[in-house]
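Student: I would like to work through this model by asking about its strands, its cysteines, its rings, its pocket and its backbone in turn. Could we begin with the term that the first topic depends on?

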Amino acid sequence: MAACENFDYTMTDSHAASPDAPDLLGFRTRIDALDRDLLALLNQRAALALEVGELKKREGSVAFRPEREAQVIDGLKVANRGPLKADSVAPIWREIMSACRALETPTRVAYLGPAGTFSELAALGFFGSTIVKIPCASVDEVFHVTSAGAADFGVVPVENSSEGVITRSLDLFLTTPLFIIGETSLYVRHNLLRRENSLADIEAVCAHPQALAQCHGWLSHHLPTAERLPVSSNAEGARLASLDVRLAGIASTHAASEFGLHIVAPAIQDDAHNRTRFAIVAHPHQHPQPKASGHDCTSLVVSVANRPGAVHDMLVPLKNHGVSMTRFESRPARSGQWEYYFYIDLQGHPDQPNVSAALAELRGVCAFFKQLGTYPIDVH
């Protein structure tokens with residue numbers, strides 16, 4: 001027994017005396033002290049946010065200003081000197097601002113549900129986790145709920161890097177009063193989910209049509225006989241897969257956890273850099289147009305008369321005033337006359353003289369003109 005005690009003591013003492021062993025207790029003590037300091041500073045920030053909230057209420061101004069939050073995050077990225085990576089700054093401070101904003105007023109956000117969709121992840125990434133979540137059964141419902149005032153903001157997918165625009169979202173901008181106040185994008189990693197951890201005996205794969213298209217090559221190679229069943233969202237596909245062992249879903253790792261499914265095959269999208277862009281929408285009566293942040297986008301939908309040179313004439317004002325066009329999409333007007341609506345993204349804000357002049361001149365040559373919103377973009 002004495003020998004064992006001596007052996008244990010010798011080993012412990014040798015380990016403690018090693019010059020290479022880090023002083024973990026000392027480091028942890030310092031980290032704990034810094035955490036308490038951070039908490040105290042965060043509470044000071046929260047107290048100031050409450051005072052700002054009271055001032056905003058008296059002035060009748062809104063709690064959420066996307067351009068202000070973008071400027072705060074950009075300033076912190078510039079000021080950051082490491083070792084914290086610049087890409088880590090934005091999500092940390094979005095959570096801080098989300099928690100402080102919640103002290104002023106709850107932010108109700110509608111998105112394509114159920115739980116576990118990429119739209120939910122986009123909503124949490126943009127607004128932070130301290131929101132009132134309103135999952136919707138379709139993109140149409142997101143527009144309806146937000147238009148009716150049941151949600152302060154909506155999050156809708158508008159474009160995918162491999163499959164192009166989400167046409168239903170674009171069409172709904174024409175028929176609803178909502179406008180864009182912000183944007184965010186996600187790297188989309190599609191995973192095959194199932195109750196059993198096997199590819200055997202899968203009869204059908206359930207997912208949103210866009211996800212099925214983005215995984216077409218993988219599905220054709222690995223599950224050539226499985227039926228592809230389009231559903232309202234990837235999370236709905238995961239939910240169905242959780243109910244029937246013959247089905248598989250295509251969804252996020254969050255959905256796998258939500259519905260208790262195995263990730264049978266990870267990252268099955270055909271494009272390794274697959275990315276989806278989401279628009280943050282609001283009702284103009286409930287939220288003002290964001291002010292200029294220094295790196296803004298202005299989105300429009302226009303149409304021109306069906307005559308030779310009309311599209312060229314539409315682009316001339318942009319060239320004359322030095323305004324760059326970053327996106328140009330066409331959608332049929334469904335008039336039976338081969339007419340089209342054009343969705344355009346421009347660099348800049350209407351408060352800039354050249355952008356204002358270009359928009360005024362462009363409006364004059366268009367048969368239809370609607371400004372879909374001006375909002376800050378992430379340039380980092």
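Tutor: Two strands are said to pair if DSSP finds at least two bridges between them. Please keep in mind throughout that this is a predicted model.

Student: With that rule, in which sense, parallel or antiparallel, do strands β6 and β9 run?

Tutor: Strand β6 covers residues 191–194, and strand β9 covers residues 247–251. The two are joined by 3 bridges, and the rule for pairing asks for at least two. One contact between them is that of L192 with its bridge partner I250 in β9. The sense in which β6 and β9 run is antiparallel.

Student: Which residue of β9 does C206 stand opposite?

Tutor: Strand β7, made of residues 204–207, also pairs with β9, over 3 bridges and in the parallel sense. Within this pairing, the residue of β9 that stands opposite C206 is G249.

Student: How many of the residues of β9 are buried?

Tutor: On one side of β9 point L247, G249 and A251, while A248 and I250 point the other way, and every one of these residues is buried. Strand β9 is accordingly described as mostly covered, and its count of buried residues is 5 of 5.

Student: Returning to C206, which cysteine has the sulfur nearest to that of C206, and how far away is it?

Tutor: The search of the whole structure for disulfides returns 0. C206 is thus in no disulfide, because a disulfide needs two cysteine sulfur atoms within 2.5 Å, and the nearest cysteine sulfur lies well outside that limit. C206 counts as buried, since its relative accessibility is 2%. The nearest sulfur belongs to C215, and its distance is 13 Å.

Student: What is the corresponding distance for C297?

Tutor: C297 is likewise in no disulfide. C297 is buried because its relative accessible area, 5%, falls under the 20% cut-off. The nearest cysteine sulfur is that of C366, at a distance of 17 Å.

Student: Turning to the rings, how many aromatic pairs are there, and how far apart in sequence are the parts tied together by F64 and F127?

Tutor: The count comes to 8 aromatic pairs. One of them joins F64 and F127, a tilted pair with 5.3 Å from centre to centre and 50° between the planes. Both F64 and F127 are buried. Since F64 lies in the loop between α2 and α3 whereas F127 lies in helix α5, the pair ties together parts whose separation in sequence is 63 residues.

Student: Where do Y341 and F368 lie, and how far apart in sequence are the parts that this pair ties together?

Tutor: Y341 and F368 form an edge-to-face pair, with 5.4 Å from centre to centre and 70° between the planes. F368 is partly exposed, because its relative accessible area is 28%. Y341 lies in strand β14 and F368 in strand β15, so the parts tied together are 27 residues apart.

Student: At what distance from the ring centre of F126 does R94 lie?

Tutor: F126 belongs to a cluster that ring pairs build from F64, F126, F127 and F153. R94 lies over the face of F126, and its distance from the ring centre is 5.1 Å.

Student: What is the volume of the largest pocket, and which residues lie nearest its centre?

Tutor: The volume of the largest pocket is about 940 Å³. At least two lining residues come from each of several elements, among them α3, α4, β5 and β11. R275, whose charged end sits over the ring of Y187 at 4.0 Å from its centre, is one of the residues nearest the pocket centre. The lining has 36 residues, and those nearest the centre are E183, T184, S185, R275 and D378.

Student: Finally, for the backbone, is the peptide bond from G113 to P114 cis or trans, and what is the phi of D201?

Tutor: Most residues other than glycine have a negative phi, and most peptide bonds are trans. P114 is placed in the loop between β1 and α5, and the bond from G113 to P114 has omega near 5°, which makes the bond cis. D201 lies in the loop between β6 and β7 and counts as exposed because its relative accessibility is 66%. Although D201 is not a glycine, its phi is positive, at about 65°.

Methods: Residues are numbered from 1 along each chain as its sequence is written. This is a predicted model: local features need pLDDT of at least 70, side-chain atom pairs count only at pLDDT 80 or more; totals for chains, interfaces and linings use all residues. Side-chain values use heavy atoms; hydrogens and water are left out. Buried means under 20% relative accessible area, exposed over 50%, partly exposed in between (1.4 Å probe, protein chains only). Helices (H or I, at least four residues) and strands (E, at least two) are DSSP runs, numbered from the N terminus. Rings of Phe, Tyr and Trp (its six-membered ring) pair if their centres lie within 6.5 Å; planes under 30 degrees apart count as stacked, over 60 as edge-to-face and the rest as tilted. A charge sits over a ring if NZ of Lys or CZ of Arg is within 6 Å of the ring centre and within 35 degrees of the ring normal. On a 1 Å grid over the protein atoms alone, a cavity is a set of points where a 1.4 Å probe fits but cannot get out, and a pocket is an open set with protein on both sides within 12 Å along at least five of seven lines; lining residues have an atom within 4 Å of a point. Grid points are joined across faces, edges and corners, and a volume is the space filled by probe spheres set on the points.
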